[in-house]
Amino acid sequence: MSRTALRICPLCEATCGLTLTVGGTTVTAARGDREDVFSRGFICPKGASFGAVDSDPDRLRTPLVRRDGELREATWEEAFDAVAAGVRPVVERYGPHSVGVVLGNPNVHTMAGALYPNLLLGALGTRSLFTASTLDQMPKHVSSGLLFGDANAIPVPDLDRTDHLLLIGANPMESNGSLCTAPDFPGRLKALKARGGTLTVIDPRRTRTAKLADRHVAIRPGTDALLLAAMAHVLFEEDLVDLGALAPHVEGVGEVGEALRDFTPEAVAAACDVDAGVTRALARELAAAPTAAVYGRIGSCTVPHGTLASWLVDVLNILTGNLDRPGGALFPQAATDRTPRPAGPGRGFALGRWHSRVSRHPEAKGELPLSALAEEIDTATDEGEPVRALLTIAANPVLSAPDGDRLDKALASLDFMVSVDPYLNETSRHAHVVLPPPPPAQSPHHDFAFNTLAVRNQVRYTRPAVPLEPGRMAETEILARLTLAVTGGHGTDPAAVDAMVVRQTLDKAVRDPHSPVHGRDPGELAAQLTGESGPERRLDLMLRLGPYGDGFGARPDGLTLQRLLAHPHGIDLGPLRPRLPQPLKTRSGKVELLPGPIAGDLPRLGRALAERPAGLLLVGRRHLRSNNSWMHNVPALTGGSNRCTLHLHPDDAERLGVRDGQPVRVKGAGGQVTAPAEVTDTVRPGVVSLPHGWGHDRPGTRLTHAATVPGVNVNQLLDGSLLDPLSGNAVLNGVPVTLTPLTDAQL
């Protein structure tokens with residue numbers, strides 16, 4: 001007898017509501033939840049394949065512990081005994097910084113990944129933190145930190161009310177959106193056009209999103225910041241700057257105009273390969289629109305001037321008065337955000353509080369560049385100990401970071417390594433202990449991170465659709481036990497971790513004069529919390545203290561876990577609304593439009609005006625049925641258009657003598673790969689494209705299907721030396737490569 005269960009999809013940032021069909025303990029089908037307050041029944045191929053992802057036979061079911069050089073099945077007790085015995089001696093002998101932590105992208109798609117890694121890092125005390133953010137979005141965090149004083153205060157486009165949307169380096173028709181949580185992003189773009197709005201796309205590829213656009217500008221890869229700077233220049237030159245209601249909250253407008261004086265449309269035209277008249281038209285159209293929003297994503301982040309491009313996206317929104325107004329770009333308000341503070345000056349945002357040991361890369365948002373992980377392991381210096389032990393949590397940097405071959409060798413040299421991962425993949429195969437979390441159907445779900453980026457305020461929570469299978473351990477308990485094992489608390493009841501967080505949070509809240517529980521007894525408040533587990537009690541706590549919460553009875557109609565559980569399809573909290581100056585945490589209490597680090601990096605952008613890259617430039621590519629390296633082991637999500645091919649323009653193919661389907665050797669600074677050519681005019685001349693996340697051909701993995709369609713690792717073409725200096729983000733787009741067509745005899 002089958003039944004249905006609700007589940008929020010964890011397979012991309014859109015966070016769509018699903019209705020699962022469950023037979024026994026197996027998810028047999030998935031469809032969109034038509035009553036979901038946010039997604040309204042929308043589903044993409046990834047969500048429709050939830051059951052296949054959930055029941056993948058290659059998912060690990062028990063821990064693995066390395067014995068006599070081989071990973072063998074073990075009990076959970078044996079696994080955590082091995083973790084404590086392997087990591088603690090490294091900490092005690094070499095110090096906490098000798099233990100590295102790598103957090104992968106899937107962490108933000110789980111409750112466990114949101115609730116526990118910061119506890120682990122705080123207890124461990126290491127500065128050797130590396131995450132997927134420095135392969136993706138760190139420029140946006142840094143620019144937001146410098147502008148607004150908070151690296152997590154990221155305004156998102158008000159998709160449902162804007163009149164004019166300009167996308168740069170974004171392809172939401174296939175990615176479903178990123179740093180902008182929007183179920184049915186494609187439908188929202190079509191609705192924009194249907195109501196008479198304008199869609200402009202700036203991208204070197206004619207993506208599915210670009211095909212929908214009213215205007216597509218095929219920019220030369222890597223020159224996004226130059227084009228945006230020239231658009232801002234036009235706003236000043238033609239007296240189109242109009243901050244409107246923003247004016248009292250912004251400082252540095254005149255300084256920005258002076259700083260961008262040399263970035264005229266004519267000056268940037270040759271570098272960007274965009275006619276000056278087009279640039280002026282882009283700026284004028286943006287300024288003339290009743291409401292407008294500029295949105296930049298991975299294509300504008302993973303380039304040499306990623307932080308400057310991210311900064312200029314918000315500069316354009318500010319100069320046209322479109323920041324913090326309906327139809328523009330606004331700051332979402334998640335239900336689990338901290339209790340709102342009165343507006344006023346904050347502590348601001350600082351870069352470079354410490355540096356990496358080898359190349360002296362400055363930290364950003366507490367992280368070091370993931371591109372530097374290999375050298376931090378394999379290179380000795382006088383600047384402290386190398387990374388000798390490593391904890392990877394839902395991360396596969398051998399594929400996702402530059403120069404996986406070097407990192408592959410470095411991981412094999414570690415004293416000890418722990419991976420929290422459901423698969424034995426290209427990275428976890430090096431671990432001494434692998435701790436596998438259960439499938440998503442057996443886990444609860446609330447989107448802590450993505451609700452802070454959502455295009456509509458709402459709150460949803462789903463309990464596990466399927467009971468935890470015997471022998472499995474909840475991911476929340478795995479991370480709680482891992483925290484205890486590596487910080488000297490091995491053997492302590494893992495429930496103590498959640499109890500400690502509740503106690504510390506309430507102790508702080510009752511001392512805060514701005515808190516709704518100021519002056520109350522923390523013990524009495526803790527006794528009011530509900531939930532079946534420590535994580536649920538923590539969720540209840542965050543909801544009650546949050547901006548919509550009941551304040552433990554202070555607001556009787558406010559949010560609690562019990563109220564949320566009574567609304568299984570979620571609770572709509574309304575459209576985004578203006579919030580300034582409350583989100584600002586700069587030292588001035590205003591938007592600081594020209595922060596010092598940005599001003600200091602503009603001369604480097606100025607030098608790029610004279611750069612004319614020769615040869616071919618490589619850009620990445622995303623697929624609708626894929627999410628980084630996660631899903632290539634699911635047959636339903638590979639094949640068709642989701643293939644690892646090299647896109648190149650017909651003119652380049654003819655010039656190089658490349659036939660469609662012919663194997664081509666691609667060579668970059670970090671190495672070379674061979675992929676079949678796919679000749680297409682969807683890339684501009686001079687540009688080639690390989691998708692990200694492939695390369696499943698290393699021995700020792702257990703990815704049966706992925707190994708039959710391995711593809712190639714595009715990041716092997718990079719040597720890791722190219723970084724955006726402000727954010728430490730890897731440069732993955734706009735890098736030079738050479739092509740050589742191969743004959744059968746050369747393969």
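**Exercise 1. Strand pairing in the barrel**

In this predicted model, in which sense do strands β22 and β24 pair, and over how many bridges?

Solution.
- Locate the strands: β22 covers residues 646-648 and β24 covers residues 671-679.
- Read the pairing: the two run in the parallel sense, over three bridges.
- Check one bridge: His 647 has Glu 678 in β24 as its partner.
- Place the pair: six strands close into a barrel, ordered β21-β25-β22-β24-β23-β26, with mixed pairing. From one strand to the next, the twist averages 45 degrees.

**Exercise 2. Two packed helices**

Classify the packing of helix α3 with helix α19: what is the angle, and which residues make the contact?

Solution.
- Take the helices: α3 spans residues 76-94 and α19 spans residues 475-486.
- Take the geometry: the angle is about 40 degrees, and the axes lie 8 Å apart.
- Classify: α3 and α19 are therefore oblique to each other.
- Assign the hand: their crossing is right-handed.
- List the contact: α3 gives Trp 76, Phe 80, Val 83, Ala 84, Val 87, Arg 88 and Val 91, while α19 gives Ile 478, Arg 481, Leu 482, Ala 485 and Val 486.
- Sort these residues: ten are nonpolar, none polar and two charged.

**Exercise 3. An open sheet**

Which strands stand at the edges of the sheet β1-β2-β3, and why is one side of each left without a neighbour?

Solution.
- Order the strands: three of them form an open sheet, β1-β2-β3, with antiparallel pairing.
- Find the edges: β1 (2-8) and β3 (26-32) each have a single partner strand, so one side of each lacks a neighbour in the sheet.
- Add the turn: neighbouring strands are rotated by 30 degrees on average, direction ignored.
- Inspect one pair: β2 (residues 17-23) and β3 are antiparallel over six bridges. Leu 18 stands opposite Gly 32 in β3.

How values were computed
Residues numbered from 1 in each chain as written. Predicted model: local features only at pLDDT ≥ 70, side-chain atom pairs only at ≥ 80, totals over all residues. Heavy atoms only, no water. Pairing = 2+ DSSP bridges. Helix = DSSP H or I, 4+ residues; strand = E, 2+ residues; numbered from the N terminus. Axes fitted to C-alpha atoms, helices over the stretch in contact; angles between N-to-C directions. Parallel < 35°, antiparallel > 145°, perpendicular 65-115°, else oblique. Left-handed = near helix turned anticlockwise from the far one by under 90°. Contact = heavy atoms within 4.5 Å. Nonpolar A, V, L, I, M, F, W, Y, C, P; charged D, E, K, R; others polar.
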